[in-house]
Amino acid sequence: MAASLVSTATPEEITAGSYVGFDSITRQIEHKLLKRGFQFNVIVVGQTGLGKSTLINTLFASHLVDSKGRTEPDISPRATTEIHPQSHVVIVENGVKLRLNIIDTPGYGDQINNEGCWEPIIKYIKDQHSAYLRKELTAMRDKFIPDTRIHCCVFFINPTGHTLKPIDIVVLKKLAEVVNVVPVIAKSDSLTLEERALFKERIMSEMQHNQIRLYPFDADENDDEELQLNERIREMQPFAVVGSERTIVIDGKATPARKHRWGIVNVEDERHCEFVYLRNFLTRTHLQDLIETTAHIHYETFRSKQLLALKESSAKAQQQASQTSNA
Ligand SMILES: Nc1nc2c(ncn2[C@@H]2O[C@H](COP(=O)(O)OP(=O)(O)OP(=O)(O)O)[C@@H](O)[C@H]2O)c(=O)[nH]1
Ligand SMILES: [Mg+2]
């Protein structure tokens, strides 16, 4: 009988005497999530030749087996010419499965007229939202919709030491409306420490001036620790990175590094560049939040706009139909 399921016991009695066992829900969720794995989609955007393809290969070096990266200097340079979804890479660490999809894009800014050069990139991001929405709206929708929505856009800034280029500001504004944007200073081995600090300050004040909203965002549910972490990330942004597809043995360990006449830049050494901070941020501290923010903020904005437009157009069609039937 249903009535017998309703307990008349006080809360104290329930916790003391009759353990229900729902605290195992965290383990149940964990088990389910582990079985399903995680999908993480990253896009890299920026002007031509800033090292986008190289950094991708540095970030996930050992995993991108079929990368088209240049590993030897005598191989001819390979400019990326089209938006290129890298093959899905599956990384398994301690039983956790991460399906990683990296989208490499051609550099922009080297045409005489750069008008609209960002459009294919924005279209690509919106197309993924649109594909997800279509799947969600089908009557017999799948229980698990494959997620191709872009969770993070790593934006490459030219290490000029001056200011952002007007074209960068335009592209950044467009991107920040549809995706989580994480800016990085490319090839930061070309800047001195003072130049780097000053450049960062200038970039961030330009971002503020142009009202470009960068990731991470603070949410109401964030606790103090998370808010502090976000604040630290904001203080460090944009990460000054160096990439390399070649490794050099340092302290007995093959390490991604760049060899100059004057010495070696160890990509993974925090004293040389902020690559490690970027990697920790993307894969260790904010991976889940990047995925959630995409679903709850960027996709939700897209979804409500689309559904509103759909409602308006169907209301218009109905109105027209009733007008023609009355005529
Ligand atoms: N000094 C320095 N050179 C770099 C760095 N990263 C990449 N490079 C070099 O810059 C050149 C261009 O690198 P890519 O990774 O092809 O650049 P990209 O941004 O993908 O270029 P496009 O696809 O043409 O837009 C290569 O010769 C790299 O070796 C870096 O951090 N520092
Ligand atoms: Mg490239």
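## Close-up views of a predicted model

**View 1. Asp 251 is an exposed residue with a positive phi.** In this predicted model, Asp 251 counts as exposed because just 6 other C-beta atoms lie within 10 Å, and the cut-off for exposed is 12 or fewer. Look for Asp 251 in the loop between strand S8 (247–250) and strand S9 (253–260). Its phi is positive, about 50 degrees, although Asp 251 is not a glycine.

**View 2. Lys 187 also has a positive phi, but Lys 187 is buried.** Is Lys 187 buried or exposed? Lys 187 has 21 C-beta neighbours inside 10 Å; buried begins at 20, so Lys 187 counts as buried. Phi of Lys 187 is near 40 degrees, a positive value in a residue other than glycine. The loop that holds Lys 187 runs between strand S6 (181–185) and helix H6.

**View 3. Two cis peptide bonds come before prolines.** One of them joins Tyr 215 and Pro 216, with omega about 5 degrees. Pro 216 sits in the loop between helix H6 (193–209) and helix H7 (224–236). The other joins Gln 237 and Pro 238, and here omega is about -10 degrees. Pro 238 belongs to the loop between H7 and strand S7 (239–240).

**View 4. Ligand 1 has 16 residues around it.** Which residues come nearest to ligand 1? They are Gly 51, Thr 54, Ala 79, Thr 80 and Gly 107. By type, the shell around ligand 1 has 8 polar, 4 nonpolar and 4 charged residues. Helix H3 (residues 52–59) gives the most to this shell, with 3 residues.

**View 5. The largest nonpolar core has 51 residues.** Val 45, Cys 153, Phe 155, Leu 175, Val 181, Val 184 and Val 241 have the most contacts inside this core. Strand S5 (residues 152–157) gives the most to the core, with 6 residues. Try starting from Leu 175: leaving aside residues up to four places away in sequence, Leu 175 touches Val 45, Cys 153, Phe 155 and Val 181.

**View 6. Gln 128 is a buried residue of helix H4.** Gln 128 lies in H4, and Gln 128 is buried because 23 other C-beta atoms lie within 10 Å. Which residues does Gln 128 touch, not counting those up to four places away in sequence? The answer is Thr 148, Arg 149 and Ile 150. Asp 147 is 19 residues from Gln 128 in sequence, and their C-alpha atoms are 8.3 Å apart in space.

**View 7. Helix H9 (residues 287–326) has 40 residues.** At 1.5 Å a residue, H9 should span 58 Å, and its end C-alpha atoms are 57 Å apart, which agrees. Where does H9 bend? The bend is at Tyr 299, by about 40 degrees. Buried residues in H9 are Leu 290, Thr 293, Thr 294, His 298 and Phe 302. An α-helix has 3.6 residues a turn, so residues three or four places apart point the same way. The buried residues of H9 pack against helix H4 (119–137), S5 and helix H5 (166–178).

**View 8. The whole protein has 9 helices and 10 strands.** Of its 327 residues, 28% are buried. Among contacts between residues at least 6 apart in sequence, 69% join residues at least 24 apart.

Key:
Residues numbered from 1 in each chain as written. Chains lettered and ligands numbered in written order. Predicted model: local features only at pLDDT ≥ 70, side-chain atom pairs only at ≥ 80, totals over all residues. Near = placed C-beta within 6 Å. Helix = DSSP H or I, 4+ residues; strand = E, 2+ residues; numbered from the N terminus. Nonpolar A, V, L, I, M, F, W, Y, C, P; charged D, E, K, R; others polar. Core = buried A, V, L, I, M, F, W, Y, C linked by C-beta atoms within 7 Å. Contact = placed C-beta atoms within 7 Å. Expected span 1.5 Å × (residues − 1). Bend = angle between axes of the 7 residues up to and from the residue.
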